[in-house]
Amino acid sequence: MHEIVNVTFELKTYEYIEPFRIANNVENKAHNVEVKVYLKDGAVGIGEASPSYRVNGERVSALLALEDDVKEMISGEDVKNYRRIFNIMDGLSRTAPSVKAAVQYATLDALSAIWNAPVYQILGGHKNRIHTDKTIGIDTLNVMVEKARKTFEEGFKTLKIKIGENLKEDIEKMVAISEATPEASYIVDANQGYTTKTAVQFAQEVYRQNVNVVVFEQPIMWNDHDGLKLLRYASPFPIAADESAKTKHDVYDLIRNECVDFVNIKLMKSGLSDALSIVELAKTTNIGLMIGCMGESSVGINQSVHFAAGTGAFSYHDLDSHMMLKENFRGKFKQERDNLIPTL
Ligand SMILES: [Mg+2]
């Protein structure tokens, strides 16, 4: 009854409302893969892969070429035994993690239709709403301050600020943004743009100026574990790994080597299976968690809304890419200002 009989991949290209600039990178379009899992009884589950070449080394053409293989790998499996399907998809952890995420989620989405229960409840139902931040990309000081002010007034209490291209300007921007929105909390993301030294200088100077940074995300290169460990103890702000933390094995190494205070889980890096493991690893070791996104549309953000609400594991939610894309909303969640409320 509930066996998988077909899997389809479809390329979906979304334009950004305006170019999204982070340290050493600009995005104009998101090339995503919409995955549908069809069951024998007619139920359909939907997921979305939003690949990142910069982080995962994924190219969308290579992902689309996996369609027949994935179909062969999971055809005949019953979605009620979803852990079996998760395990099969774990083989794509290093080569196509976003496809792994989309197929794993589509499996739960199909199960949600069968059981008539929303995915967040299948995952535990810990929370029934979460609050997201909103991101301010790299721009001139004046533009960033104005966007921060407007975004805070729209109801986003946590602002994610992109930095990492110029130490002196970054400090000036953070102080000016903080003066314009003194009630806000800031997640500051340098996307590997700093060296260990410039990252320490940034953190100490911004701390001295009383800027309310709650997380300092991936200041330096993903593979510099020694630098991260040094930073963790030299920075007054919690240090988070994003680009460094893809699989559960990466996170295990980071925690064991005392490199991080926080981990930014993204389903597009880890899939649901590794993300579930990372949640337990972090809880066990008292490491903080945030959840982030790549260039997902509302179909892809939906996955993280249900995951985050279901597990209830995250101190911060950075689930805003759908707000940056030109699209027609298709998520199974409601959005009221910064509230994201999962639905059936
Ligand atoms: Mg990041």
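Eight strands form an open sheet in the order 5-6-7-8-9-10-11-12, with parallel pairing, where strands are DSSP runs of E of at least two residues, helices are runs of H or I of at least four, and both are numbered from the N terminus. Two strands count as paired if DSSP finds at least two bridges between them. The model is a predicted one, in which local features need pLDDT of at least 70 and side-chain atom pairs count only at pLDDT 80 or more, while totals for chains, interfaces and linings use all residues. Residues are numbered from 1 along each chain as its sequence is written.

**The parallel sheet**
- The edge strands are strand 5 (134–136) and strand 12 (316–317), each of which pairs on one side only.
- Strand 8 (residues 213–217) pairs with strand 9 in the parallel sense over 2 bridges, and phenylalanine 216 has isoleucine 239 of strand 9 as its bridge partner.
- Helix 12 (residues 267–285) packs on the sheet and touches strand 10 (262–265) and strand 11 (288–291), its direction making about 160 degrees with that of strand 10; contact here requires C-beta atoms, placed from the backbone, to lie within 7 Å, and angles run from 0 to 180 degrees between N-to-C directions, with axes fitted to C-alpha atoms, for helices over the stretch in contact.

**The antiparallel sheet**
- A further open sheet has 3 strands in the order 4-14-13 with antiparallel pairing, and its edge strands are strand 4 (130–131) and strand 13 (333–336).
- Strand 4 and strand 14 (residues 339–342) are joined over 2 bridges, with asparagine 339 in strand 14 as the bridge partner of histidine 131.
- Helix 13 (residues 298–311) lies across strand 4, strand 13 and strand 14, and runs at about 85 degrees to strand 14.

**Helix 10**
- Leu228, Leu231 and Arg232 of helix 10 (residues 225–234) are buried, meaning that 20 or more other C-beta atoms lie within 10 Å of their own, whereas 12 or fewer would make a residue exposed and a count in between partly exposed.
- Seen down the helix axis, these buried residues fall within an arc of 105 degrees, so they line one face of helix 10; the arc is that of the directions from the axis to the C-beta atoms.
- On the other side of helix 10, Asp226 and Tyr233 are exposed, while the cover over its buried residues includes helix 9 (196–208) and strand 9 (239–241).

**The two domains**
- The protein is divided into domain 1 (4–117) and domain 2 (122–342), with bounds that come from an automatic or database domain assignment.
- Their contact takes 36 residues from domain 1 and 33 residues from domain 2.

Key. Two residues are in contact if their C-beta atoms, placed from the backbone, lie within 7 Å.
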